[in-house]
Amino acid sequence: MLGIIKNVGHWLYRVWFYILVAVPIFLFFPFLLATTISEKTYPQFFWLARNLWARPILYGMGCFPKVVREQRMDRGKSYMLVANHTSMLDIMLMLHVSKNPFVFVGKKELVKIPIFGFFYKRVCILVDRDSVKSRTGVYRRAQRRLDQGLSICIFPEGGVPDEEVVLDSFKDGAFKMAITHKIPVVPMTFYDNKKRFSFTFYSGGPGRIRVRVHQFFETGILSPEDTSTLREGVRDVILEELI
């Protein structure tokens, strides 16, 4: 009987999450749509997404962020934001952590998610990981966004690993891009999102979600040959925190 009650609670917690995701989009749809008509208004869209969508979801789920910063981002400067990827809450938490407007680079499959996918495809840099042409095009689109003073966010594991995996291997893309565009890499460790809202349906629950923003990795003097060294250095920093 206790198991049934717990499963019902987990089911309701999931349903509540999707309600929280959808309701702000419906409420603020005209404003969200207006700020996605042009790339020039993306900072306004980012503000809406951060303050009227991501934060209500986190707090509404009873997931209260605690952010420790070893270094702070400068306003108006572009960065490459990277973190471990374990939960749908990662998107909301990343928006909470960074005041600097950034653009997600993410897989195109997410456009299929009802409601969320409509705006996702309008404001994110989409990549088809099976297409060399698509992966190459990401660099061009990212350059345009960086020229606009924005930052880029990539979850370098390339997807959500199996839950027993502490931290999967990192793909090169984020680090190649950071070196090419000479922007600092900002590593972040998300400690609790897997526990709070994993991809296992009957799991999760409210509580603190902790983030550590680590010291930045500068790329100004690096060359493409340093990609693997940068990649593994960033991964080691995050992995050390997780274990």
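The following paragraphs lead through a predicted model, beginning with its sheet and moving on to its aromatic rings.

The sheet is open and has seven strands, which follow one another in the order S1-S7-S6-S2-S5-S3-S4 with mixed pairing. At its edges stand strand S1, residues 63-69, and strand S4, residues 125-127, each of which pairs on one side only, and from one strand to the next the twist averages 25°. Within this arrangement, strand S3 (residues 102-107) and strand S5 (residues 151-154) run parallel and are joined by three bridges, with Val103 standing opposite Ile152 in S5. Helix H7, made up of residues 173-181, packs on the sheet, where it touches strands S2, S5 and S6, and the direction of helix H7 makes about 160° with that of S2.

Turning to the aromatic rings, the structure holds eleven aromatic pairs. One of them is formed by Phe17 and Tyr18, whose ring centres lie 5.2 Å apart with 75° between the planes, an edge-to-face pair. Phe17 is buried, at a relative accessible area of 2%, whereas Tyr18, at 43%, counts as partly exposed. In the pair of Tyr59 and Phe64 the centres are 5.8 Å apart and the planes stand at 50°, so this pair is tilted; Tyr59 is partly exposed at 40% relative accessible area, and Phe64 is partly exposed at 39%.

An aromatic cluster brings together Tyr42, Phe45, Phe46, Phe102, Phe104 and Phe155. Tyr42 also has Arg145 lying over its face, at 5.0 Å from the ring centre. Elsewhere, the charged end of Arg14 sits over the ring of Phe197, 4.0 Å from the centre of that ring.

Notes
Residues are numbered from 1 along each chain as its sequence is written. This is a predicted model: local features need pLDDT of at least 70, side-chain atom pairs count only at pLDDT 80 or more; totals for chains, interfaces and linings use all residues. Side-chain values use heavy atoms; hydrogens and water are left out. Two strands pair if DSSP finds at least two bridges between them. Helices (H or I, at least four residues) and strands (E, at least two) are DSSP runs, numbered from the N terminus. Axes are lines fitted to C-alpha atoms, for helices over the stretch in contact, and angles run from 0 to 180 degrees between N-to-C directions. Contact means heavy atoms within 4.5 Å. Rings of Phe, Tyr and Trp (its six-membered ring) pair if their centres lie within 6.5 Å; planes under 30 degrees apart count as stacked, over 60 as edge-to-face and the rest as tilted. Buried means under 20% relative accessible area, exposed over 50%, partly exposed in between (1.4 Å probe, protein chains only). A charge sits over a ring if NZ of Lys or CZ of Arg is within 6 Å of the ring centre and within 35 degrees of the ring normal.
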